[in-house]
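Student: Could you walk me through this one? I'd like to start with how the chains meet and then look at the strands.

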2 protein chains.
Amino acid sequence: MSKNLTKRSEDYSKWYNELVVKADLAENSGVRGCMVIKPYGYAIWEKMQAELDRMFKETGHQNAYFPLFVPKSMFEAEEKNAEGFAKECAIVTHYRLKNDPDKPGKLMVDPNAKLEEELIVRPTSEAIIWSTYKGWVQSYRDLPLLINQWANVVRWEMRTRLFLRTAEFLWQEGHTAHATRSEAIAESEQMMNVYADFVQNFMAIPVIKGLKTETERFAGAEETYCIEALMQDGKALQAGTSHFLGQNFAKAFDVKFANAEGKQEHVWGTSWGVSTRLMGALVMTHSDDNGLVLPPNLAPIQVVIVPIYKTDEEFAAITEAATTLVSQFRKLRISVKFDDRTTQKPGFKFAEWELKGVPVRVAIGPKDLENGTFEVARRDTLSKEVVLKDGIVNYVSDLLEKIQEDLFNKALDYRNTHITEVNSFDEFKDVLENKGGFVAAHWDGTPDTEEKIKDLTKATIRCIALDRVEEAGSCVFTGKPSVGRVLFAKAY
Amino acid sequence: MSKNLTKRSEDYSKWYNELVVKADLAENSGVRGCMVIKPYGYAIWEKMQAELDRMFKETGHQNAYFPLFVPKSMFEAEEKNAEGFAKECAIVTHYRLKNDPDKPGKLMVDPNAKLEEELIVRPTSEAIIWSTYKGWVQSYRDLPLLINQWANVVRWEMRTRLFLRTAEFLWQEGHTAHATRSEAIAESEQMMNVYADFVQNFMAIPVIKGLKTETERFAGAEETYCIEALMQDGKALQAGTSHFLGQNFAKAFDVKFANAEGKQEHVWGTSWGVSTRLMGALVMTHSDDNGLVLPPNLAPIQVVIVPIYKTDEEFAAITEAATTLVSQFRKLRISVKFDDRTTQKPGFKFAEWELKGVPVRVAIGPKDLENGTFEVARRDTLSKEVVLKDGIVNYVSDLLEKIQEDLFNKALDYRNTHITEVNSFDEFKDVLENKGGFVAAHWDGTPDTEEKIKDLTKATIRCIALDRVEEAGSCVFTGKPSVGRVLFAKAY
């Protein structure tokens, strides 16, 4: 197993692209900007889905499914939302191919099969869902509607990167409808918290909870809550967003309810989503120059057992010990693989599972059998330890928990040492260029200043942290007054 | 809860359409031919997915995800497949909308954003997947590839019906690649058997396993295995198909491997799928004039508890008893709901849960508390029994199993009495018109005869049953020799 992985210090971006492909997570397809998610990558996504789905259901949400297509007239009903997505959407105009008379064996679009109204492939489903909710809501008794959808969406991005930015991606989108403003806001906040819990506890990625500025807000939302993470190259990544939609979509689609007094009111809405982009965050937060590092809570294989042997007799004896071990791990619901391939040497196997980020490797050789020991190696630290056979299952179980914690703490340390307060624009640029990470700076609150800073530095306001300290100051760019620092960063 | 459900005997088709909507399974959307799957319907689909997914994984398959779009040149590579789907596909031609200068606030397709090559929204994914497999297979060691995808697909059907025939539907599609013909055939057969097991054991629908005729075969397949079910109106429904693709796609996409001797060979393929169409089969097989009847193995709610009370004290006492019962059921992993709504009367609740097909209803009134009994009602037979409180949990647990069995046996009885052997074309037409079901008749084996019979009677050959008896006979239409009967029926 030759890895030939570019080092992060040489070219972080190249390292990422190579790693995603070499670790069998995903690859580019023959379709511009669309990726193929390979089985190993998809298995991680399935673990994410299962956990998120459980969390959504625990908070009272149900899944449903809405159409892939949005007729143009429906798409444009909420103007801001339409404007926000109009420039990057795939449009279906015809519904039939026919034989091309000029090119035998080739097909062409049948000009007689033009749709009366064009269909937009959903870039997000507010329009189609709110047009449906109109039929579902009459009275306050029909509220709240707490619905989630697992789906594919399409945004015609020009520059794409595996997981981080693809023309088609997989995601979940929650869409809820409420009787009151405060209930909708509480829902938006709750889902931001659910996302933060998931990303921190399962993905082992620390996040900052905050609000987006008007410029960065979701098109059609009144407020966008977000969780922001920091990658190892000092760039930020938006890991999830939860939008308070006010009554914008209810008004655009005429969704009203009779309140307890019988008066008609517009419904209040939220929407919230996370996507396969999280896979990119997972790779970029923990992995190293040897390959993937996966947090145990999301690793499709948590423990791999590799036999080291010369003779058939040794292999037979090791296989017996490994088989026992496998069943012991499975009893604790630890996902384990015994790599008994006879076609590959141990060194190859070690490198392969290292590349694929399996958290714990157990090696068993003839000496181990004699001594009643196994060699246990951690993927994250690359450290090894010889462990007595008798306590090994509990040892590994505890180790998996410790690795999960250590990964989070390591990422947290990095993140915390990469939030830098600056008080001048020179300092701002210096930190951004030479250190990276979040730059905590005063800002005058105007989109204009935000725009200018972005043009000059490529940094955007990632969020106004929910826990920021109120602090009078002067905008780092214009010198105008500010009530507290916001977090700038270059971002994915 | 007013049901106003059309009776099956009056208008079966109308009954079906009404039931799907009234039981909150699905509804038509604002997008031509596309449905909204509502939470209750989606919960049933999720149970189907979970079980099928488990069965696929147990037989060694892994999930992955491939692009929604297929470029036209890729789509047309396998000619028969392309021809089969060309007439009913949604085609993306543009990637941007712009403001319509003539209509303020309206959008139009930007003529400057025309794609160089049109993209077909996948009607099935053989093309995109085999173009990917080319990169995944070099040697026999890379085989077999055993991959499944859960996805949405689009077929531009002109006449649509909820679940049974929709422009967009959800499905799973397995796509496997093998080193030998016999291995691929064994895989196709295995997956047909997996489908049959699932449909019979979970959906409680008996099926006939068979082969499709050339006319009915999947476009691009060498052989199509299928499972055929019979609905209550005597029409057949294809519940799942598994295709042996031969080397057709391998040749179209140049997918070769080096065999153990180092010689290059084309790979052998299969594909297999079931879709949300199964939801239609589920409804049409078991349900009655009062609403849905769900088999316990797929019911989102298996048991509903309805309190019957007049005073607050009674309600409190019943709630206490019900709460205990709920936790006892949950321990046995029985999905249970205590319907404690104070806004609805018991009669309304009874009708609602009947409509929604909950297999078992437990009613608790003040007299039950006195007597230490509960009233247990079965949805399928509408029969009631008074059961002693002490043994109730095991009683209900056993009852759920019995209902599952009874539903299957009832459907099996109906199916078995609706397979009729006929030996003349008059008899053929008579049975088809007056009795319905499968007509077992001799056929001369030609597509021409098949076509003529279809034109005259609307019946198609549903399958050549795998277990049919070899029997010399004369074609019911042409009198030419035949080696065994095939099953004709009108079908969904």
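Tutor: Contact here means heavy atoms within 4.5 Å. This is a predicted model, in which local features need pLDDT of at least 70 and side-chain atom pairs count only at pLDDT 80 or more, while totals for chains, interfaces and linings use all residues. Residues are numbered from 1 along each chain as its sequence is written, chains are lettered from A and ligands numbered from 1 in the order in which they are written, and side-chain values use heavy atoms, with hydrogens and water left out.

Student: Okay, so through which surface do the copies meet?

Tutor: Through the same surface, because 98% of the interface residues of chain B are also interface residues in chain A.

Student: And what turn lays chain B on chain A?

Tutor: A turn of 180 degrees with a shift of 0.0 Å along the axis does it, giving an RMSD of 0.0 Å, where the superposition is by least squares on the C-alpha atoms of residues with pLDDT of at least 70 in both copies. The two copies are thus related as by a two-fold rotation axis. In chain B, the C-alpha nearest that axis belongs to Val92(B), at 2.1 Å.

Student: Which residue is the bridge partner of Val92(B)?

Tutor: Its partner is Leu119(B) in β8(B). Strand β5 (residues 91-94) of chain B pairs with β8(B) in the antiparallel sense over 3 bridges; strands are DSSP runs of E of at least two residues, helices are runs of H or I of at least four, both numbered from the N terminus, and two strands pair if DSSP finds at least two bridges between them.

Student: New topic: what's the strand order in the open sheet of chain B?

Tutor: The order of its 5 strands is β18-β17-β19-β20-β21, with mixed pairing. At the edges stand β18 (336-338) and β21 (384-388) of chain B, each with a single partner strand, so one side of each is left without a neighbour in the sheet. Neighbouring strands of this sheet are turned by 25 degrees against each other on average, direction ignored.

Student: Which helices lie across β17 of chain B?

Tutor: Helix α9 (residues 312-331) of chain B lies across β17, β18, β19 and β20 (373-378), and helix α10 (residues 346-355) of chain B lies across β17, β18 and β19. Helix α9 runs at about 170 degrees to β17(B), as does α10, with axes being lines fitted to C-alpha atoms, for helices over the stretch in contact, and angles running from 0 to 180 degrees between N-to-C directions.
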